[in-house]
Amino acid sequence: MTIDAKNILVSYTKNGKKDNTISIINSVDITIVPGKVTVIFGRSGSGKTTLISVLAGLLKPQEGSVLYDDIDLYQQNDDFISDFRSKNIGFIPQGQSLLSNLTIKENILLANNNGNDSDRAEELIELLGLSEREEYLSSQLSGGELRRCAIARALINQPSVVFADEPTGDLDDDNTQIVFELLRQKAKDGAAVVIVTHDESAYNYADIVYRMDGGVLALSDTQK
Amino acid sequence: MNIAKLPLKNIISYKKRTIGLILILVILTMSLFGGSIFIKSLNNGLDSLNERLGADIIVLPKDAESEVDLQNLLLQGTPGYFYMDKSILNDLESIEGVDRISAQYFLVSANADCCSVKVQIIGFDEETDFTIKPWLNESYQGVLKDDEIIVGSMLSTKVGHTLKLYGKEFLVVGKLEKTGTGLDTAVYTTGDTVKTLIEAAEDKGISILSKQSPDDVISSVYIDVKDGYDIDTIVSDINLNNSEVKAVRARTMMTSTSDRLGIISSAISFFVKIIWAFAAIILIAAFYIITGERKKEFAALRVIGVSRKKLGVLVMSEAIIIGIIGSVFGIIITGAFMYSFSVLIGTRLDLPYLLPGVVTTTYYILVTFISVVLLGTISGLISAYRAVSVDTARILRE
């Protein structure tokens, strides 16, 4: 599935005054292709998270369009977009995003379209080194374990598109490598993978590299 | 695990939150259901008493205590007796406008097998009575013989058993339905039997009458006025022409009780409204605050593809389930309390207190249940609106 985003503009109006408008993303064009890992580097506040929120159908931009093949995402209603996201998109948020009253396995299965693909959940749990924590509540896990669980949840439905926001933020070197290799493998399996990070080690796993600064996106000079 | 199971899972997992919300709903339910049942029981008691009085005018001895004694007997079941000369019956009969007239005889038992306390004995005239027999007939259709009695609902004896009064055995031939009044602790028999009992008491050395013969006295006279005649005028006539007796309008005698009941009912209604207003505000505020604290959870659900509509349904489902649990608990607790302690409540109040029947109680249960669940739903709607309005992208950035 190819994502084609054109002329994306996101801005916020401070204190409701039009002349206090702050631009977050400024006329961004980006094409995400299947089978490739696209990495977007940028400092905090550069607009990376906002951009993948727009691409994942979580934030409607003031201007621009996001096309998944021939589907113009923001021309659809919320029910359609949500269902589309559930079936096709795996999203790994930057912060803690698990339900604290559910176990690791329940959190992963909650995102599962048919709700009971236990084998797939356990496969991911094992792959991400969480087997011993399967029945733990998210409140009993470390930051790194929470992140790995969020990754497993994003991958449970075998999505054709994966967005990962700082997926290795809380991980040690070994786990960082496991996660990047897992995402790399997803791309090899045909998914379009987008990683936004400031972890330069992601470069080693990237097919296409962008840099974002002040809401402006540009292809990196150090393109692979 | 799937989204449909999440509301129940959340309710079970977040125990403190759930208990807090249910507690508010239980208070709401208890105030509405308990208040309604209480007010209805008071009204039922007064209606029952008015129905039982069944006369326009009651004539009592002039003695200052007699009216109070009769009220105490009717309202609290405090046994008492007083007598006046029987000759008054002829005078009262001859008054123009008097339709029916019947005497009653009061006596207090020295002790009775059935009871740890003294019981009120009420004798009526089988031939002329029009106030007691209509409702005695609900439990016994025959003509009472001299050794037969009918007992009030609160006496711990059964039909077919015997009861000893002043050393004489009496057969219980009927037991009355509960009235919620002092009449529930009384024993009913014929006037002649009461006279016999007075004599039996005298034989045992218990002085009931000072000089008169039991055949020459009565306790009270009940008068039914013909249509078209003014009751108050007849009351005045009796009081002016008979210095030994005091006539009171039956309805007037109950006015102070009715007034007290009205004040109590208004006060309870007021408190129920106040409790509802406060509890509703607290409930809505609690849901509102809790929803605010759950923004991250809602954002996480949006990320995995839960639509705004489904998110709203999820929050609403939780509110409705909590509403149902709270109202059911509240109804059970209140019902158990009100029905277990109804006698104690009635005694403490010194007012007629008669719990409503199954149909009325069911009606109150339904109204309470619907009202409380509706309030829970409204609170849930406010929360659901907050939940669906959540700015997922902003929360993910935070």
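In strand β4 of chain A, the residue A:L67 is the bridge partner of A:D4, and this pairing is a starting point for reading the structure. The model is a predicted one, in which local features need pLDDT of at least 70 and side-chain atom pairs count only at pLDDT 80 or more, while totals for chains, interfaces and linings use all residues. Residues are numbered from 1 along each chain as its sequence is written, chains are lettered from A and ligands numbered from 1 in the order in which they are written, and side-chain values use heavy atoms, with hydrogens and water left out.

**The open sheet of chain A**

- Helices (DSSP runs of H or I with at least four residues) and strands (DSSP runs of E with at least two) are numbered from the N terminus, and two strands are said to pair if DSSP finds at least two bridges between them.
- Four strands of chain A form an open sheet in the order β2-β1-β4-β5, with antiparallel pairing.
- Because β2 (21–32) and β5 (71–72) of chain A stand at the edges with a single partner strand each, one side of each is left without a neighbour in the sheet.
- Within this sheet, β1 (residues 3–13) and β4 (residues 63–68) of chain A are joined in the antiparallel sense over five bridges.

**Helix α6 of chain A**

- Helix α6 of chain A runs over residues 173–188, and its 16 residues should span 22 Å at 1.5 Å a residue (the expected span is 1.5 Å times one less than the number of residues), which agrees with the 22 Å between its end C-alpha atoms.
- The residues A:N175, A:T176, A:V179, A:F180, A:L182, A:L183, A:K186 and A:A187 of α6(A) are buried, where buried means under 20% relative accessible area, exposed means over 50% and partly exposed lies in between, with a 1.4 Å probe and protein chains only.
- These buried residues cover an arc of only 155° around the axis, which puts them on the same side of α6(A); the arc is that of the directions from the helix axis to the C-beta atoms.
- On the other side of α6(A), A:D173, A:D174 and A:K188 are exposed.
- Among the elements that cover the buried residues of α6(A) are β3 (37–42), α5 (143–155) and β8 (192–197) of chain A.
- After α6(A) comes A:G190, which has a positive phi near 115°.

**Strand β8 of chain A and its partners**

- All six of the six residues of β8(A) are buried, with A:A192, A:V194 and A:V196 pointing one way and A:V193, A:I195 and A:T197 the other way.
- In general, side chains in a regular strand alternate between the two faces of the sheet.
- β3(A) pairs with β8(A) in the parallel sense over five bridges, and A:V193 in β8(A) is the bridge partner of A:V37.
- β7(A) also pairs with β8(A) in the parallel sense over five bridges, and A:A164 stands opposite A:I195 in β8(A).

**Chain B**

- B:L197 lies in helix α6 (residues 191–203) of chain B, and this residue counts as buried because its relative accessibility is 0%.
- Leaving aside neighbours within four places in sequence, B:L197 is in contact (heavy atoms within 4.5 Å) with residues including B:L107, B:Y166 and B:F170.
- B:L197 and B:S36 are 161 residues apart in sequence and 44 Å apart in space, C-alpha to C-alpha.
- Residues 270–290 of chain B are 100% helix and 0% strand, with end C-alpha atoms 30 Å apart.
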